[in-house]
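The exercises below are meant to be worked with the sequence and the 3D view side by side. Please try each task before reading its solution.

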Amino acid sequence: EIAIASGVPVPKIYVLEHEAAINAFAAGYSPSDAVVAVTRGALEKLNRDELQGVIAHEFSHILNGDMRLNIRLIGVLFGILMLGLIGRKILQHGSGRGKGAGAVIAAALIAMIVGYIGLFFGRMIKAGVSRTRESLADASAVQFTRQTVGLSGALKKIGGLGEGSKLNERGDAEEVSHMLFGDGVDFSGLFATHPPIEKRIEALS
């Protein structure tokens, strides 16, 4: 139904069987190779309208090109992180006494500092972009489903459940936190990848 409403080809669907929280994400580089994954918790705890609202939200990410942006953000942040890690490894294991040792250590120190400072600001930028795209996806989901009850109901259930949208695999979830339907890691402040649940529900009412 959402594929027809949005004009997006039906993507491959996957289920995260060991995740009891309510969450989902879309991945891929274009609508033709997109996939949508939902947690087992979403399938078991949401009714038809609520699940439709969540899927419509993910279809919005596919239609608006957010997946491509998400992949680029992951790549840029990983590159910045690698710069810092390489600098740190050189400092740990490359403290030789050769002719150019001082220059190598200085370059490694600069790389590490630039890498970690860049990662800090990169994560802030990623979070800010993600919050904006999440609000847009909520609005598009309403357009596709032609009702707000389903999406707001799913958000209310996330807010009312103990596990909410938090994933078990927090380490992996951090890298893709900006791709998820709900906050999977519990970031806050400038690093929050999603608007507060209350604000999202209020915007739909």
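Helices and strands are taken here as DSSP runs, of at least four residues for a helix and at least two for a strand, and they are numbered from the N terminus. The model is a predicted one.

**Exercise 1. Establish how many helices and strands the chain has, and in which order the elements run.**

Solution. Begin with the count, which comes to 8 helices and 3 strands. Then follow the chain from the N terminus, where the elements run α-β-β-β-α-α-α-α-α-α-α. For the overall extent, the C-alpha trace spans about 70 × 35 × 30 Å along its principal axes.

**Exercise 2. Work out the strand order of the sheet and name its edge strands.**

Solution. The 3 strands form an open sheet with mixed pairing, in the order β1-β3-β2. The edge strands, each of which pairs on one side only, are β1 (12–16) and β2 (24–27). From one strand to the next, the twist averages 20°. Next, look at the pairing of β1 with β3 (residues 35–39), which is parallel and extends over 5 bridges; within it, valine 15 has valine 38 of β3 as its bridge partner. Finally, place the helix that covers part of the sheet: α3 lies across β2 and β3, and runs at about 25° to β2.

**Exercise 3. Describe how α3 packs against α6, and say which residues meet.**

Solution. Two packed helices are described by the angle between their axes and by the distance between those axes. For α3 (residues 48–63) and α6 (residues 149–160), the angle is about 95° and the axes are 7 Å apart. Angles of 65 to 115 degrees count as roughly perpendicular, so α3 is roughly perpendicular to α6. Turning to the residues, Asp49, Glu50, Gly53 and Val54 in α3 meet Gly150, Leu151, Gly153, Ala154 and Lys157 in α6. Sorted by class, this contact of α3 with α6 has 3 nonpolar, 3 polar and 3 charged residues.

**Exercise 4. Find which element gives the largest share of the lining of the second largest cavity, and classify the lining residues.**

Solution. The structure holds 2 cavities of 30 Å³ or more, and the second largest cavity has about 30 Å³ of space. Its lining is made up of His61, Asp66, Asn70, Ser130, Arg133, Glu134 and His178. Two elements, α4 (66–93) and α5 (101–145), give two or more residues to this lining, and the largest share, 3 residues, comes from α5. As to class, the lining of the second largest cavity has no nonpolar residues, but 4 polar and 3 charged ones.

Note on methods. Residues are numbered from 1 along each chain as its sequence is written. This is a predicted model: local features need pLDDT of at least 70, side-chain atom pairs count only at pLDDT 80 or more; totals for chains, interfaces and linings use all residues. Side-chain values use heavy atoms; hydrogens and water are left out. Axes are lines fitted to C-alpha atoms, for helices over the stretch in contact, and angles run from 0 to 180 degrees between N-to-C directions. Angles under 35 degrees count as roughly parallel, over 145 as roughly antiparallel, 65 to 115 as roughly perpendicular and the rest as oblique. Contact means heavy atoms within 4.5 Å. Ala, Val, Leu, Ile, Met, Phe, Trp, Tyr, Cys and Pro count as nonpolar, Asp, Glu, Lys and Arg as charged, and the others, Gly among them, as polar. Two strands pair if DSSP finds at least two bridges between them. On a 1 Å grid over the protein atoms alone, a cavity is a set of points where a 1.4 Å probe fits but cannot get out, and a pocket is an open set with protein on both sides within 12 Å along at least five of seven lines; lining residues have an atom within 4 Å of a point. Grid points are joined across faces, edges and corners, and a volume is the space filled by probe spheres set on the points.
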